[in-house]
Amino acid sequence: MTTKNLFFKVAFSAMVLAAGACCFSCSKDDDGNDGGNTPAPETPNGSTLISISGANFQPGTIPAATSGESVGTIEMNTQALAGGGSFVSVLSPNDYSCFYISIAGMNGYFVVQPDSKNYDPNTGLYTYRFNIGFTESFNANITVVICGVLTGTGAVTQHAQTTVTFVESQTGALDIKLVFENDKDIDLHLYTPSDEHIFYANRGMYNDDDEQVYGLDKDSNASCYIDGLNNENIFIPAEYLEAGQYTVKVNMYENCDRQIPTSWSVTVRYQGRLIENSTPGYGNPATGAYPVDAPAGDFTTAFTFYLSPVQAIAAKSKAQLAATLHRIQPTDMDLLKMEQEEINRSLRNAR
C-alpha cells in the first residue's frame, strides 16, 4: 500500500521502502488517506492541545513503525502549563529526515523538521532539537508519541511515548510564560508601567478570599531545588492592567548544572493572542540560550511591549488596589533567594 507523496518546506526526494513496505515522506500536502485507519470524526484533534512551529499537521493516525530501530533518547519536560511549552531533544545514532509526533488517542499527527540537527563524531550521535507548545486548551495529562523517519529509506522507527502532566496555573488578559530547557533556576521578571517589579520576591496580590488575583504563580527550580517544571507564569486580569510600556526580563539566577547549556523561550499573549515584541532581535516567542558556564545574575531583556489606554480601559487605580487587595508575602525560599541575589550583585560589582 502506498500513500501520496507529501511536500514540506524543502522538497524531499521520494523515499521508497523495500517491496511490501509502506512509503513515507517528510512533506506537506498529504490528503490524510491512511488506508482506512483514520479515526472517526468525533475523535478529538491533537492540534487543539499542542502546536509545533513550522510543522504540518496531518489528519489520521500516525504512521506505523516499519523498522525495529528505536527513535533514540528523548529529553523533554514531563510537566507543562496551558500556554507553556517544552524544548525537545532527540539523541540517536540514526540520521533522520523528519519526525512524526502525535498525542495518544487523538486524531492527527505533526510532520516535523527539527530546528537543528548536529552530529558529534566523538560519540557517533546526532542531536535533534525542536519545540512543542501547549495551547491554552491544554487541561489534562497527555501522552506524546514521537517516531523518526530514517534518511534514505523512509523507514519509520518504533514509537516512543512520554507522559506530560498538566500543571494548573492562573490566566488573565495578559499572560507571560517562560519555558527553559533543563534543570536550572531561571527566573521571569515583569516591570509594569507604574514600575512595579513582579518576580519571585514580589509575586503580586491576593484578595479577601485568599485567591491570588495577579502576579507570578509559578517559580520553578528555586535555588536549585529541582521540581522539573521548567516553566514560569505571570498573569494579569483585565481589571488590573495599566496602560504604558511593559518590560520582561529573564535571569539566570543559578546555573544548577554547569555541564549543560540551556535554551529559554518567553511567550506573551494579550487576550489570548500573541503581541508584538519591540525588543530588537527578539520575536514572540522570544528565544535565547545560556551557555554552559553562564554566570549567576545574567539578566536578559527578552520582551518589551506597550498597552494602549484602550487595551487597559478597565484598569483600576492604585488606590483601589490598595484598598481591596493584599501583598503576597515572600516565602522562606524567596527570602533566601533575595539574600543570595544581593551576594551575587556584590560579587559582580567587585570585579
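Rings of Phe, Tyr and Trp (its six-membered ring) are taken to pair if their centres lie within 6.5 Å. On that basis Y96, F99, Y119, Y126, Y128 and F130 form one aromatic cluster. The structure discussed here is a predicted model.

## Overall composition

The protein contains two helices and 23 strands. Half of the chain lies inside: 50% of the 351 residues count as buried. The exposed area is about 16,100 Å², and carbon and sulfur atoms supply 50% of that area. Among contacts between residues at least 6 apart in sequence, 73% join residues at least 24 apart.

## Strand β9 and its partners

Strand β9 covers residues 125–134. Its pairings with β1, β5 and β8 are collected below.

| Strand paired with β9 | Sense | Bridges | Residue and its partner in β9 |
|---|---|---|---|
| β1 (residues 50–51) | antiparallel | two | S51 and G133 |
| β5 (residues 85–92) | antiparallel | eight | L91 and T127 |
| β8 (residues 116–120) | antiparallel | five | K117 and Y128 |

Strands β8 and β9 also form a hairpin with four residues between the strands, in which G124 takes a positive phi near 75°. Y128, the bridge partner of K117, belongs to the aromatic cluster as well.

## Aromatic pairs

A search of the whole structure finds 16 aromatic pairs. One of them is formed by F99 and Y128, with 5.2 Å from centre to centre and 80° between the planes, an edge-to-face arrangement. F99 lies in strand β6 (residues 96–103) and Y128 in strand β9, so this pair ties together parts that are 29 residues apart in sequence. Both F99 and Y128 are buried.

F138 and F166 have ring centres 5.4 Å apart and planes at 85°; since planes over 60 degrees apart count as edge-to-face, this pair is edge-to-face too. F138 is placed in the loop between β9 and β10 (142–150), whereas F166 is in strand β11 (residues 160–166), so the contact of their rings ties together parts that are 28 residues apart in sequence. The surroundings of the two residues can be described separately. F138 has a relative accessible area of 1% and is therefore buried. F166, with a relative accessible area of 23%, is partly exposed.

## The sheet containing β13 and β18

An open sheet of four strands follows the order β14-β13-β18-β22, and its pairing is antiparallel. The edge strands are β14 (197–198) and β22 (298–307), each of which pairs on one side only.

Within this sheet, strand β13 (residues 185–191) and strand β18 (residues 244–254) are joined antiparallel by seven bridges. Two residues of β13 illustrate the register: H189 stands opposite K249 in β18, and Y191 stands opposite T247 in β18. On the other side, β13 is linked to β14 by two bridges, again antiparallel, and there Y191 stands opposite H197. The hairpin of β13 and β14 has five residues between the strands, and D195 in its turn has a positive phi of about 70°. Six of the seven residues of β13 are buried, so this strand is largely enclosed by the rest of the structure.

Two lysines lie over tyrosine rings. K249 lies over the face of Y191, at 5.3 Å from the ring centre. K337 lies over the face of Y253, at 4.5 Å from the ring centre.

## The surroundings of D219

Where in the fold is D219 placed? D219 sits in the loop between β16 (212–218) and β17 (231–236). Its relative accessible area is 13%; because residues under 20% count as buried, D219 is buried. N231 is twelve residues away in sequence, and its C-alpha lies 7.7 Å from that of D219.

Leaving aside residues up to four places away in sequence, D219 touches D185, D187, Y200, R203, D227, E232, D334 and K337. With K337, the side chain of D219 makes a polar contact of 3.5 Å. K337 thus appears in two settings: in the polar contact with D219, and over the face of Y253.

Technical notes:
Residues are numbered from 1 along each chain as its sequence is written. Side-chain values use heavy atoms; hydrogens and water are left out. Buried means under 20% relative accessible area, exposed over 50%, partly exposed in between (1.4 Å probe, protein chains only). Contact means heavy atoms within 4.5 Å. Accessible areas come from the Shrake-Rupley method with a 1.4 Å probe; for residues, only the protein chains shown count as cover. Two strands pair if DSSP finds at least two bridges between them. Rings of Phe, Tyr and Trp (its six-membered ring) pair if their centres lie within 6.5 Å; planes under 30 degrees apart count as stacked, over 60 as edge-to-face and the rest as tilted. A charge sits over a ring if NZ of Lys or CZ of Arg is within 6 Å of the ring centre and within 35 degrees of the ring normal. A polar contact is a pair of N or O atoms within 3.5 Å; within protein, one must be able to donate a hydrogen and the other to accept it, and residues adjacent in sequence count only if both atoms are side-chain atoms.
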